[in-house]
Amino acid sequence: AIQPSLLHGNLLSDNLGCDNEGYPTLSNPSCYYGHHEADMAWLHFIGGYSEEFWDAYHALIPKQKGYDKRLKLYVIGIFLHLYIEHGPAYRGGAVKLLQKLLKDLHVYTLVPG
């Protein structure tokens, strides 16, 4: 069962940092309770995290069955959020990922590009 976690909700690189002592800081939160994978989707979306980072993360919180498919859904949600907030530049990414997810699920419905 999924245990709700307090999520940041807006983990863009501009909202991640360190204080003067090197401790991590987060800013501009859009906090809510949800599945921890939703915040991890933001980190996948912005990219730049090493394999070592993800290995260490998943050593603490192992991937659960269906992780890769849920991750795609969460990233699609990010694209759609940014599309609504910032305009059509994000539409293509959402459509591309949705097409890939439908193919992975063996659903061969046409999604307009």
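Start on the surface of this predicted model, where L80, Y83 and I84 come together as a nonpolar patch. Between them, these three side chains offer about 310 Å² of accessible area. Y83 belongs to helix α3, a helix that covers residues 67–86. The general geometry helps here: an α-helix has 3.6 residues a turn, so residues three or four places apart point the same way. How exposed is Y83 itself? Its relative accessible area is 33%, which makes Y83 partly exposed. That value lets Y83 into the patch because patch members need over 30% relative accessible area.

Now step back to the whole chain. The protein has four strands and four helices, and they're laid out in a plain order: reading from the N terminus, the elements go β-β-β-β-α-α-α-α. The C-alpha trace spans about 50 × 35 × 25 Å along its principal axes. Of the 113 residues, 29% are buried. About 7900 Å² of the protein is exposed, and carbon and sulfur atoms account for 59% of that area. As for contacts between residues at least 6 apart in sequence, 52% link residues that are at least 24 apart. On the charge side, there are 9 positive and 11 negative side chains, with 18 Å between the centres of the two sets.

Before the helices begin, pause in the loop between β3 (24–26) and β4, where you'll find N28. What is the sign of phi at N28? It's positive, at about 55°, even though N28 isn't a glycine. As a rule, most residues other than glycine have a negative phi. N28 is also partly exposed, with a relative accessible area of 46%.

From there, move on to helix α1, residues 36–46. How much of α1 is covered? Most of it: eight of its eleven residues are buried. Those are H36, E37, A38, D39, M40, A41, W42 and L43. So what does the covering? Both strands and helices take part: the cover includes β1 (5–7), β2 (16–18) and β4 (32–34), along with α2 (51–60) and α3. That brings α3 back into the story, since the helix that carries Y83 also helps cover the buried residues of α1. Just after α1 comes G47, with another positive phi, this one near 70°.

Terms used. Residues are numbered from 1 along each chain as its sequence is written. This is a predicted model: local features need pLDDT of at least 70, side-chain atom pairs count only at pLDDT 80 or more; totals for chains, interfaces and linings use all residues. Side-chain values use heavy atoms; hydrogens and water are left out. Buried means under 20% relative accessible area, exposed over 50%, partly exposed in between (1.4 Å probe, protein chains only). Helices (H or I, at least four residues) and strands (E, at least two) are DSSP runs, numbered from the N terminus. Contact means heavy atoms within 4.5 Å. Accessible areas come from the Shrake-Rupley method with a 1.4 Å probe; for residues, only the protein chains shown count as cover. Lys and Arg count as positive and Asp and Glu as negative; His and the chain ends are not counted. The place of a charge is taken as NZ of Lys, CZ of Arg, CG of Asp or CD of Glu. Patches are made of residues with over 30% relative accessible area and no salt bridge: like charges are joined within 9 Å, nonpolar side chains (Val, Leu, Ile, Met, Phe, Trp, Tyr) within 5 Å. A salt bridge is a side-chain nitrogen of Lys or Arg within 4 Å of a carboxyl oxygen of Asp or Glu.
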